[in-house]
Amino acid sequence: MAYRLLLGGREAGSHEVQIEFDRRAYGRVAHPLTEEAAIAASWEAARSSNPRIFNGSKFRLGGEIATENGRVRVRVGLTDYRDYLGTNRHPAVATLAADGRRDHGFEGAHLSNAVGCETVLVTS
């Protein structure tokens, strides 16, 4: 598989990236605005308007991306599409992010922060 990893505006090698995976340590922290019932209601509303959507596991950005000694450290947990809709798409997402920063030192603490693969096609 061909890919390029950009680090600080330059191409980097995979030896310069460290992935730390821990489902518990880097999982989403519960918040009163996004308790299970609220997430379930959001999910059911989305499914009602689009019966084709389905839930599935995704990796989650579980902390700030840190650079140490020329290496990048990425902390990864687990989430899913359902939690993404109930947190990152919540009307009070700015409050969730501010509370995460204040209480846990990370804006994404209360958010799903699903990590996906994306691309942009540029044509002439």
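The following is a conversation between a biologist and a modeller about a predicted model.

Biologist: Before we turn to single residues, what is the secondary structure of the protein, and in which pattern does it follow the sequence?

Modeller: The model, which is predicted, has three helices and seven strands, and read along the sequence these come in the pattern β-β-β-α-β-β-β-α-α-β. Of the 124 residues, 31% count as buried, and the accessible surface comes to about 8,700 Å², of which 53% belongs to carbon and sulfur atoms. Among contacts between residues at least 6 apart in sequence, 63% join residues at least 24 apart.

Biologist: How do you know that the span of helix α1 agrees with what its residues should give?

Modeller: The helix runs over residues 36–49, and at 1.5 Å a residue its 14 residues should span 20 Å. The expected value is 1.5 Å times one less than the number of residues, and because the end C-alpha atoms of α1 are 20 Å apart, the two agree.

Biologist: What puts the buried residues of α1 on the same side of the helix?

Modeller: The buried residues of α1 are Ile-39, Trp-43 and Ala-46. They cover an arc of only 60° around the axis, and therefore they lie on the same side of α1. An α-helix has 3.6 residues a turn, so residues three or four places apart point the same way. On the other side of α1, Ala-37, Ser-48 and Ser-49 are exposed, while the cover over the buried residues includes helix α2.

Biologist: Which residues of α3 are buried, and what covers them?

Modeller: Leu-96, Ala-97, Asp-99 and Gly-100 are the buried residues in α3. They cover an arc of only 165° around the axis, which puts them on the same side of α3. What covers them includes α2, residues 81–87, whereas the face turned away from the buried side carries the exposed residues Ala-94 and Arg-102. The helix has twelve residues and reaches 16 Å from its first C-alpha to its last, close to the 16 Å expected at 1.5 Å a residue. After α3 comes Gly-105, with a positive phi near 75°.

Biologist: Why is the pair of Arg-28 and Asp-83 called a salt bridge?

Modeller: The distance from N to O between the two side chains is 3.8 Å, and because a salt bridge asks for a side-chain nitrogen of Lys or Arg within 4 Å of a carboxyl oxygen of Asp or Glu, the pair qualifies. Arg-28 lies in the loop between β3 (17–21) and α1, and Asp-83 lies in helix α2, so the pair ties together parts that are 55 residues apart in sequence.

Biologist: Why is Asp-83 called buried, and Arg-28 partly exposed?

Modeller: Buried means under 20% relative accessible area, and Asp-83, with 14%, is therefore buried. Partly exposed lies between that limit and the 50% over which a residue is exposed, so Arg-28, at 25%, counts as partly exposed. Asp-83 also meets Arg-82 in a salt bridge of 3.8 Å, N to O, and Arg-82 is buried as well.

Biologist: How many salt bridges does the whole structure have, and what makes Arg-102 exposed in its pair with Asp-103?

Modeller: A search of the whole structure finds nine salt bridges. The side chains of Arg-102 and Asp-103 meet at 2.8 Å, N to O; Arg-102 has a relative accessible area of 59% and is therefore exposed, whereas Asp-103, at 44%, counts as partly exposed. Elsewhere, salt bridges that share partners join Glu-20, Glu-68, Arg-73 and Arg-75 into one network.

Biologist: What makes the phi of Asn-113 worth a remark, and is Asn-113 buried or exposed?

Modeller: Asn-113 has a positive phi of about 50° although it is not a glycine. Most residues other than glycine have a negative phi. Asn-113 is found in the loop between α3 (93–104) and β7 (114–115), and because its relative accessibility is 18%, it counts as buried.

Biologist: Which residues make the nonpolar surface patch, and why can Phe-59 belong to it?

Modeller: Phe-21, Phe-59 and Val-115 make this patch of about 290 Å². Phe-59, placed in strand β4 (residues 57–61), is partly exposed with a relative accessible area of 48%, and because patches are made of residues with over 30%, Phe-59 meets that cut-off.

Definitions and conventions
Residues numbered from 1 in each chain as written. Predicted model: local features only at pLDDT ≥ 70, side-chain atom pairs only at ≥ 80, totals over all residues. Heavy atoms only, no water. Patch = residues over 30% accessible without salt bridge, like charges linked within 9 Å, V, L, I, M, F, W, Y side chains within 5 Å. Areas by Shrake-Rupley, 256 points an atom, 1.4 Å probe, with all protein chains shown as cover. Helix = DSSP H or I, 4+ residues; strand = E, 2+ residues; numbered from the N terminus. Buried < 20%, exposed > 50% of the residue type's maximum accessible area, 1.4 Å probe, protein only. Contact = heavy atoms within 4.5 Å. Arc of directions from axis to C-beta.
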